[in-house]
2 protein chains.
Amino acid sequence: MSDPTPAILDRIDAGLGDAQERLFALLRIPSISTDPAYAEACDSAADWLVAELAGLGFDASKRPTPGHPMVVAHGGEGGPHVLFYGHYDVQPVDPLELWNRDPFDPAIDETPAGPVIRARGASDDKGQLMTFLEACRAWKSETGALPCRITVLLEGEEESGSPSLVPFLEANAEELRAEIALICDTGMFGDRVPSIVTSLRGLVGEEVVVQGPSRDLHSGLFGGLAMNPARALTKVLGALHDDEGRVQVPGFYDGVADIDAERRDSWEQLGFSAEGFLGGVGLSTPAGERGRTGLEQLWARPTAEINGIVSGYTGAGFKTVLPSEARAKVSFRLVAGQDPVKVRDAFRDWVRAQMPPDCTVRFEGHGAGAASAMDTGHPAFVAAREALTEEWGIEAAFIGGGGSIPIAGHFQDVLGMQSLLAGFSKETDRIHSPNEKYDVESFHKGIRSWARTLGRLREG
Amino acid sequence: MSDPTPAILDRIDAGLGDAQERLFALLRIPSISTDPAYAEACDSAADWLVAELAGLGFDASKRPTPGHPMVVAHGGEGGPHVLFYGHYDVQPVDPLELWNRDPFDPAIDETPAGPVIRARGASDDKGQLMTFLEACRAWKSETGALPCRITVLLEGEEESGSPSLVPFLEANAEELRAEIALICDTGMFGDRVPSIVTSLRGLVGEEVVVQGPSRDLHSGLFGGLAMNPARALTKVLGALHDDEGRVQVPGFYDGVADIDAERRDSWEQLGFSAEGFLGGVGLSTPAGERGRTGLEQLWARPTAEINGIVSGYTGAGFKTVLPSEARAKVSFRLVAGQDPVKVRDAFRDWVRAQMPPDCTVRFEGHGAGAASAMDTGHPAFVAAREALTEEWGIEAAFIGGGGSIPIAGHFQDVLGMQSLLAGFSKETDRIHSPNEKYDVESFHKGIRSWARTLGRLREG
């Protein structure tokens, strides 16, 4: 059989407009997983994907969970058995006033850097997951069949800590296990170099609620005598980092190793400039652990961040209130060697130990996933690296990932399966921020990249 | 002329229902001064008061300012010339869901401790200012005239730092100057002892805005390398107090003296229990400077409080955002000897000096008023103490005030005029909090107290 890839790539080029329309239909569904008000939209997004996969010949179904449903589909025969993973849920859109358009009314925006698809989820992750589905469509159209045996798993809780994921994997391990997982939720290094992520940071999310007086008080009548929970909370959070940027929770760095010489060398070759990277967002100075390179701080060192804090009166003007409660959302990015449960427990103990009299603290967990490290010797890594290099005309890189895609760890732990992470988003995509976008080039060449990768995987 | 006071008190008793109806009309106007959305309501409240005062025979007018208007009225002849001050603006009502009724739909609630008037502003300060106006009404009705020469000044910006007050006093000093100011915006000691406040803490309000990256960032992509402004802000605010409860801003205590033996003795006689006071709001442990008595912490020591803080995502669930901005509202209660401008500048310098690279800070001032200390040898203090003792059947006390009524300082500084502060609110009034109330007893006996005080002042 001659290689159908060139004809498939032509089909992808010719069908790009239709592919965009299909993506737009998915982007119009406001599937914000973290906010219960959008539960129905999450369900609708799952239904839409089931229909789409069925149309490609997959045996597709929506599978209930205690949270938002999973989409599972099976199709194709022969070749290696791959599991493709993506997520159909998106981040909240606030502050809405900073968007230039309705986040759920996608459009092509012409920009100096080329046309972009503008919408919440355009890049993270609806646009990316559709690159794979469209590659499958092109293979099916040209050859009448999928290139190999493919299982698809699409999640609806990735942006809210994936509470249902591990139980679902455990309950359906036999059905879902494949030779390797393909995950499209990552980006291009330096917005230019096609990249395969070979390590990912883990994530622990914690909500901290400090309670002081039984009601809001007048700061004149009670101030000086009554404990203010915002004082207690800022005291704790203000001590999260020392002056060298190191996290102060006892035991936080237990198990964390320095990177090996090979990684250090290959990362150095990427020519990363922390100043240039930060300059794009109005910053200039690395804020992580002193003495570590920029890429180490992003990819190989754990962090603690305050993602949200609120207490008292925050509206216009002033209110001399002594608040009864102070809340914060704090997250930790973890690296290989750290145990997420131990980190969470150490943080809680550390906070509790600092509570002054008259303050009580309670915690709400928002997920705890370990870091991942891949074995790049697996043949799929070779195939994907060659396919990406060919498509983009730039040598594809093995890079680290600062974000947390705990699914890679879960695939390893629950299914004993490696993950290959390749994606086409850019640092300019403003994921999780207002005016999120996905370059039309990323979408187009992303589809072509998967088509090529699937071809090479089929050939083995 | 025989003393008309007994007949006036009878009139007050007989007319209490009508007086409540008039207060309810004022309470229905949502005159929240700090929120621009309620500017028209503030204006309406001023109009209502002008009409009310005109009906009592005052020459009353609404006087424009750059903010909300002042109400000024002149009436009566002879006797000492007094200036009565109150404020018609109220605090915001959030969190609205904690109110048992619409905060601007006043009603009488029957409680185990007796009937109360429930509404935002019932106690602070609409109910209190109306005690004086109703006392004037009773005098006018019984004798055909006000008891002495009375100027009334009602402000609409007290809850938002009184930005227009000093310029207005300066521009109208001749018109407003009297022999003494009477201010009704304070409470009963221990909810039981009629009290005249002879010292007040000052107030400096500051909004601190820390800016980091130019937009919200993904904490996985940027976390570890990019500075988080919430980290910078909590680090500063977490260092506001040391472990002994002392404020750490350099020079903060400059000029602050220990209380003298006379005050120490008289305060000790009040039998104040910090534990009992705090127990009412679910607390138990004095949180101010170690080694100071409870009343010192409330009345004679300066404080720093976080009144509000907000950054990042604060809604339901979790968002792994690295926020671009962090804001806090911080206030300082000042005591005699502290210069509010110096405190403000010292705070700003101290915050600026702690900003890490990539964080900039800006400040917005929300008022700066000095503390006040009264000369209790003035004859009005004797008259009021006697009148209050007679009305309430309990020896009236000279007490300190933890709150800030900067007007007393401004009357001293701009008009060279002392202030006598007497009021009838209780610690249970929940001022600035949901379900604010004013006891019907406070309103009723408050009116009677002013009627008696005016009688004694007239007699000299």
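## Close-up views of a two-chain predicted model

**View 1. Two β11 strands meet across the chain boundary.** In this predicted model, A:I309 faces a partner from the other chain, standing opposite B:S311 in β11(B). A second pair to look for is A:G308, which stands opposite B:G312 in β11(B). Both pairs belong to the meeting of β11(A) with strand β11 (residues 303–312) of chain B, where five bridges join the antiparallel strands. As a reminder for reading such a view, strands of a sheet pair through backbone hydrogen bonds, either parallel or antiparallel.

**View 2. One sheet runs through both chains.** Step back a little from the β11 strands and follow the open sheet of eight strands, with antiparallel pairing, in the order β14(A)-β9(A)-β13(A)-β11(A)-β11(B)-β13(B)-β9(B)-β14(B). Its edge strands are β14 (360–369) of chain A and β14 of chain B, each of which pairs on one side only. On average, neighbouring strands of this sheet are turned by 20° against each other, direction ignored.

**View 3. Strand β9 of chain B sits between two partners.** Here we follow β9(B) with its neighbours in the sheet, β13(B) and β14(B). With strand β13 (residues 325–334) of chain B, β9(B) pairs in the antiparallel sense over 10 bridges. To find your place along that pairing, look for B:V204, which stands opposite B:F332 in β13(B). Strand β14 (residues 360–369) of chain B is also antiparallel to β9(B), and eight bridges join the two. A handy marker for this pairing is B:V209, standing opposite B:R362 in β14(B). Is strand β9 (residues 202–211) of chain B mostly covered or mostly open? Mostly covered: seven of its 10 residues are buried.

**View 4. A helix lies across strands from both chains.** Helix α8(A) lies across β9 (202–211), β11 and β13 of chain A together with β11 of chain B. Its direction makes an angle of about 15° with β13(A).

**View 5. The side of chain A that touches chain B.** The contact between the chains takes 79 residues from chain A and 80 residues from chain B. Several elements of chain A each supply at least two residues to this side, among them α7 (219–222), α8 (229–237), α10 (274–279), α11 (294–300) and β13 (325–334). Which element gives the most? That is β11(A), with nine residues. Sorted by class, the residues on this side of chain A divide into 29 nonpolar, 37 polar and 13 charged.

**View 6. How the two copies are related.** Chain A superposes on chain B (RMSD 0.1 Å) by a rotation of 180° with 0.0 Å of shift along its axis. That is the relation of a two-fold axis. The copies meet through the same surface, because 100% of the interface residues of chain A are also interface residues in chain B.

**View 7. Two domains within chain A.** The domain assignment of chain A gives domain 1 (5–200 + 371–459) and domain 2 (202–256 + 302–369). Taken over C-alpha atoms, the centres of these two domains of chain A are separated by 35 Å. Their contact takes 10 residues from domain 1 of chain A and 11 residues from domain 2 of chain A. On the domain 1 side of this contact in chain A there are four nonpolar, six polar and no charged residues.

Definitions and conventions. Residues numbered from 1 in each chain as written. Chains lettered and ligands numbered in written order. Predicted model: local features only at pLDDT ≥ 70, side-chain atom pairs only at ≥ 80, totals over all residues. Buried ≥ 20, exposed ≤ 12 C-beta atoms within 10 Å, placed from the backbone. Helix = DSSP H or I, 4+ residues; strand = E, 2+ residues; numbered from the N terminus. Pairing = 2+ DSSP bridges. Least-squares fit on C-alpha atoms with pLDDT ≥ 70 in both. Contact = placed C-beta atoms within 7 Å. Nonpolar A, V, L, I, M, F, W, Y, C, P; charged D, E, K, R; others polar. Axes fitted to C-alpha atoms, helices over the stretch in contact; angles between N-to-C directions. Domains from an automatic or database assignment.
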